[in-house]
Structure formats: structure tokens, C-alpha cells
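This report describes selected features of one protein model, written for a reader who is new to structural description. Please keep the sequence and the structure in view while reading.

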Amino acid sequence: EKESKEVKESAPLLFNLTDLQGHITSKYNSFTSDKVLAIAQSLYENKYISYPRTSSRHLDDTQEKEIEEVLESLSKDYPSEYIIEFKKAKRIFDSSKVDSHPAITPTYIKPNLNELTKDEQIVYDEIKKRFLAQFMPQNEYLDVKIVTEVDDYGFISREKYLIKKGWLKLFEEKEQKPKYLSKLKENDIVKVIYSNVTEKETQPPKPYTEKTLLRAMENCGKKINEEDMENILKGYSIGTPATRSDTIKKIIDVGYIKKKGKNLNITELGKNLVEVFPIKELLDTDFTGRIEKSLKDIEKGIVNPDLFMERMIKYTERSSNIIKNSKGSISKDENNTKNSIGICPECGKDIIEGKKAYGCSNWKSGCKFTIWYNQLEKLGMKKISKANAKKLLKNEEIYLKLKSTKTGKNFECKGKLVKENERWNIKLIFK
């Protein structure tokens, strides 16, 4: 059996910030999402594109005349066979789907080549092509389905052929693989030259890239068609278009995740955080999504802001108390005895450097021994050095040069690690 039908393909919707960041970072290795935002902001400030920090993929109905002028300006750079014509399509102009700011578009001000850096040119060109694609014909394909009968079984084969380029003319087309099914006719006799049965195991989800992580943050991990998402999940997200890239950068800088090629992988420090952190709701995307949705509903006047604030204050107070009484702590060098600076006076395990303190590697079992780096910060010592920490752990005295909080004058003394009232502190010893 053979079935052939023509199908049409519309251009992808206009960029919002998340789409733009995902598109650029997946296409160009040298870009990160925060870099894309910085470049888009620069293009906006120079009046080459519209406001970039938007979650909308549509334009406002009132923009029709303005967009027609922009299209007329930009289309002059393309030959007539590209067929770029203005149209008032609901897929482009729909005020009901615009949230605060419309989708990202170029303006009628066209930059000269020497006015943009190489990276700015890349981002600008992608925005411009996505915009022009909205006003070009659809791509047309021939979808061919073949059912081959072997004994009493039917095996399905499919191929898709590009028969007419529309908006695809704007983009570099990938090399087409050879196609065969269109040459076959119904009732042709074919020969089975090879067959096999394969067994496979299910694979875990692929690691996030910046593109897929941004999308997951935009819709709290829900898998949904991007055109439906604007209506179904409006406001139900982690962060905003303006803050998501900074959040990703921050957790990379801190060391909770690391980038390998395009993939983002969790580190041991990140795993420790997830295991130890006592407020499990804050690790739940659904919980965070509901909070963001409440903020969006406050904006619409659906939710009472005073009631929301009352609930959040109570939740924050309760969570803070749980954290204060939690026994867990995290360290980048957990159980790494090679980085040991001494022995814990409390339990005898290794003391290692953490982000804010020298702490016990036995923290998972409940040992709370810690020498905080900033323990003497009020007395003018920004950080307790590793050398001094080693001496303290050997029960030795250290020399200190500090500043009085009362008189502001410098003074000298010695310090020793002592345990008082179940807590370890550095005791100052004077002559």
C-alpha cells in the first residue's frame, strides 16, 4: 500500500527571551544564556531590536502598522524570489497572548556591519530571520507512507520530501539524505534482504543543555507544546525570562553543576545539597511554580497580596527554624582526606576546607565541628588562614593582630581553640 499527501510547515513562532537563549546556545558553542541576554540588551539599547526580557511569542494587535514598516525596511535586502509580504495573521498578532511585553523583533533601524561585533551580528541575524520567516510562505512537503506486506505482517515506512521552499530559504539547509519510497508503486513486489529482532533497554533522560534547562524552568519541567504553553502555564514557572540565565550562571559559578560541552551535569557538591537541604519543598518544581503563579495572579488582581505575604512570612519563619536546627552541612571536598588540614577534636575525622569554613568530613553522621573563616571578622581579620587553622587543630596557640571594636585601635594577642558551652571557638589570650 502507498499513501502520499502534501503537508505544509509554518515558521517557528517569534522569539521570546527563553527561546532566543536556547536557540543561540544550542547552535553556537561559544554562547551562554547570560551572554545572549547581555548581547540582546545591548542591541535593544542601540535601538536595533525591541525589548528582549519578554516571555511572549506574539505581537500586540496595535503593532500592525509599525511591524509593516519594519518589514518593508528589512525586506529590501532580499531578492524578489524570497516572497516577503506583510499579513495580519493571528499566529503573529494576538494581544491575548502578549504578557507585559511583545515578542522580540528587529526595528526599522538597521545596523551597519562595522557597528556590530561578531557575536552581536549572530544574535541580530537570528532575530531578523525569525521575524522575516513569519511573513514568508510555508514550506511544502510530500509525506509518503508505505505499508509492506510480508506474510501476514504489515511493516510501515515513511519519508518526507521537501517540494517547495518557503521561509526555509532564509536558513542554511542540511544535506538531504537519499529518498527511495516515492519511486515505489502500489502492489510492487519487493524483496526482503535482511531482517532482525532487537532488544533494547530504556535509556535515562539526556542531560540538560542550557536550551532544555531554560525550557524546563519556563514550564516547571512540564512537557507541552510551546504554542499551548502560553495559555495553559502562564506564570507557572521557575524565575522570569530576565532571571533564569543568571540563576544558571550562579549555580555553575558556585559549583553545584558543571558544563561539559553543551551538557550540564550535577557535581558532588550539588548532589550533597539536594540530599542534605532540609526544606524539600524548595527542591520541588511544582511548589516553586505555584508561588510564581500566585505572583502572576496578584498582578491580575485574582489573588490578595496581603494574604499571600502573610503565608510567605509564616513559611519563611518555619523554614528558617528548620534550617537552624538542621544537622546537615555540605562541603566541596567531602571525605577527601588528601585535602585534610587536621583532625577533628570532636570526632577524630579529617577537617577539610569548605566554601565558608574549615569543617568536619564526618558531617553526614552529625558532627558539627566548624572553624568559620570569618569568625574574627568583627575584629579586623577577614579570614582565618589555613596555616593558623592547622595550628589550632594541633592545640597550638596562634599570633593575632586585631582591632578593637570599642576604640578602633590595633592590638596584639594570641588565640587558642577551646570548647565552651558545647561550642568550639577561638579564645583570645592576652599577656
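Two strands are said to pair if DSSP finds at least two bridges between them. Helices (H or I, at least four residues) and strands (E, at least two) are DSSP runs, numbered from the N terminus. The model is a predicted one, in which local features need pLDDT of at least 70 and side-chain atom pairs count only at pLDDT 80 or more, while totals for chains, interfaces and linings use all residues. Residues are numbered from 1 along each chain as its sequence is written, and side-chain values use heavy atoms, with hydrogens and water left out.

**The sheet**

In which order do the strands of the open sheet of 3 strands lie? The order is β4-β6-β5, and the pairing is antiparallel. Strands β4 (208–209) and β5 (257–260) are the edge strands, each of which pairs on one side only.

Strand β6 (residues 263–266) is joined to β5 by 4 bridges, and the two run antiparallel. Within this pair, I257 stands opposite I266 in β6. The hairpin of β5 and β6 has 2 residues between the strands, and G261 takes a positive phi near 65° there. Strand β4 is joined to β6 by 2 bridges, again in antiparallel fashion. Here T209 stands opposite N263 in β6.

**Two packed helices**

Two packed helices are described by the angle between their axes and the distance between the axes. Axes are lines fitted to C-alpha atoms, for helices over the stretch in contact, and angles run from 0 to 180 degrees between N-to-C directions. Helix α5 (residues 210–218) packs against helix α7 (residues 244–254) at an angle of about 120°, and their axes are 10 Å apart. This angle makes α5 oblique to α7; angles under 35 degrees count as roughly parallel, over 145 as roughly antiparallel, 65 to 115 as roughly perpendicular and the rest as oblique. The crossing of α5 past α7 is right-handed. A crossing is left-handed if the near helix is turned anticlockwise from the far one by less than a right angle, and right-handed if clockwise.

Contact means heavy atoms within 4.5 Å. Which residues of α5 meet α7? They are E210, L213, L214, M217 and E218, and their partners in α7 are R244, S245, T247 and I248. The residues of this contact divide into 4 nonpolar, 2 polar and 3 charged. In this division Ala, Val, Leu, Ile, Met, Phe, Trp, Tyr, Cys and Pro count as nonpolar, Asp, Glu, Lys and Arg as charged, and the others, Gly among them, as polar.

The buried residues of α5 (buried means under 20% relative accessible area, exposed over 50%, partly exposed in between, with a 1.4 Å probe and protein chains only) are E210, L213, L214, A216, M217 and E218. Just after α5, C220 takes a positive phi of about 55°.

**Residues with a positive phi in loops**

Most residues other than glycine have a negative phi, and most peptide bonds are trans. The table lists two residues for which phi is positive.

| Residue | Phi | Loop | Relative accessible area |
|---|---|---|---|
| S100 | near 70° | between α3 and α4 (118–133) | 55%, exposed |
| D151 | near 55° | between β2 (139–150) and β3 (153–164) | 65%, exposed |

**Three further residues**

S73 lies in helix α3 (residues 64–75). Is S73 buried or exposed? It counts as buried, because its relative accessibility is 15%. When its neighbours within four places in sequence are left aside, S73 is in contact with Y108 and K110.

G239 lies in the loop between α6 (226–232) and α7. With 17% relative accessibility, G239 also counts as buried. Not counting residues up to four places away in sequence, G239 touches R244 and E292. The C-alpha atoms of G239 and S157 are separated by 43 Å, and these residues are 82 apart along the chain.

E6 belongs to strand β1 (residues 2–9). Its relative accessibility is 59%, so E6 counts as exposed. Although E6 and L162 are 156 residues apart in sequence, they are 9.7 Å apart in space, C-alpha to C-alpha. Apart from its neighbours within four places in sequence, E6 is in contact with E140, Y141, L142 and I163.
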